[in-house]
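Let's take a walk through this protein together, one helix at a time. Keep the picture open beside you and follow along.

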Amino acid sequence: SSQTDERGDCLFTLVKLARCLKLSPEEAMSHANQKFKLRFNFVEKCVLKDRGHFADYTLDELESFWQSAKKGEKNNEDR
């Protein structure tokens, strides 16, 4: 489909940009995936600790957990 083609073109452009900047696209993606996993695990722990089910939270509440995870990362980087 044309949407798939357009998304593919965007990904191709990002890989090309990374290479021009002397970055490894694979390493960048791996790092991003690890960061996502850590943040999602934090959100999951917050959910399980209180109400226990994602469906019991609003998107705003889940977003708040996500932002807390990001702040926690930043605080660890500052140390």
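Before we start, one bit of vocabulary: a helix here is a DSSP run of H or I with at least four residues, and helices are numbered from the N terminus. Also keep in mind that you're looking at a predicted model.

With that word in hand, look for Arg-7, which sits in helix 1. Is Arg-7 buried, exposed or partly exposed? To sort that out you need the cut-offs: under 20% relative accessible area is buried, over 50% is exposed, and anything in between is partly exposed. Arg-7 has a relative accessible area of 49%, so it counts as partly exposed. Now trace the chain from Arg-7 to Leu-21: they are 14 residues apart in sequence, and their C-alpha atoms are 21 Å apart in space.

Phe-12 is also part of helix 1. Its relative accessibility is 60%, so Phe-12 counts as exposed. If you jump from Phe-12 to Gly-72, you move 60 residues along the chain, and the two C-alpha atoms are separated by 32 Å.

Zoom out to helix 1 as a whole. It runs over residues 2-20, and its 19 residues reach 27 Å from the first C-alpha to the last, close to the 27 Å expected at 1.5 Å a residue. How many of the 19 residues of helix 1 are buried? The number is 1, so this helix lies largely in the open.

Helix 1 has another role in the picture, though, and that's at a pocket. The largest pocket has a volume of about 240 Å³. Its lining includes Leu-11, Leu-14, Val-15, Pro-25 and Met-29. Which elements give two or more residues to that lining? They are helix 1 and helix 2. Helix 1 gives the most, with 5 residues.

Now step off the end of helix 1. Lys-22 follows this helix, and its place is in the loop between helix 1 and helix 2. What's curious about Lys-22 is its backbone: phi is near 60 degrees, a positive value in a residue other than glycine. With a relative accessible area of 75%, Lys-22 is exposed.

After the loop you climb onto helix 2, which covers residues 25-49. Its 25 residues should span 36 Å at 1.5 Å a residue, and the end C-alpha atoms are 36 Å apart, which agrees. The buried residues here are Pro-25, Arg-39, Val-43, Cys-46 and Val-47. What do these buried residues pack against? They pack against helix 1 and helix 3.

One name in that list deserves a closer look: Arg-39, which has its place in helix 2. Its relative accessible area is 14%, so Arg-39 is buried. Leaving aside its neighbours within four places in sequence, Arg-39 is in contact with Trp-66, Ala-69, Lys-70 and Glu-73.

Follow one of those contacts over to Glu-73, and you've arrived in helix 3, residues 59-78. The side chains of Glu-73 and Arg-39 make a polar contact at 2.9 Å. Glu-73 also touches Lys-35, if you don't count residues up to four places away in sequence.

Another of the contacts, Lys-70, lies in helix 3 too. Lys-70 has 33% relative accessibility, so it counts as partly exposed. Compare its place with that of Lys-35: the two are 35 residues apart in sequence, while their C-alpha atoms are 9.2 Å apart in space.

Finally, take in helix 3 from end to end. It has 20 residues and reaches 29 Å from its first C-alpha to its last, close to the 28 Å expected at 1.5 Å a residue. Which residues of helix 3 are buried? They are Leu-62, Phe-65, Trp-66, Ala-69 and Glu-73. Seen down the axis of helix 3, these buried residues fall within an arc of 100 degrees, so they line one face of the helix. That buried set packs against helix 2. Turn to the other side of helix 3 and you'll find Asp-60, Lys-71 and Asp-78, which are exposed.

How values were computed: Residues are numbered from 1 along each chain as its sequence is written. This is a predicted model: local features need pLDDT of at least 70, side-chain atom pairs count only at pLDDT 80 or more; totals for chains, interfaces and linings use all residues. Side-chain values use heavy atoms; hydrogens and water are left out. A polar contact is a pair of N or O atoms within 3.5 Å; within protein, one must be able to donate a hydrogen and the other to accept it, and residues adjacent in sequence count only if both atoms are side-chain atoms. Contact means heavy atoms within 4.5 Å. The expected span of a helix is 1.5 Å times one less than its number of residues. Buried means under 20% relative accessible area, exposed over 50%, partly exposed in between (1.4 Å probe, protein chains only). The arc is that of the directions from the helix axis to the C-beta atoms. On a 1 Å grid over the protein atoms alone, a cavity is a set of points where a 1.4 Å probe fits but cannot get out, and a pocket is an open set with protein on both sides within 12 Å along at least five of seven lines; lining residues have an atom within 4 Å of a point. Grid points are joined across faces, edges and corners, and a volume is the space filled by probe spheres set on the points.
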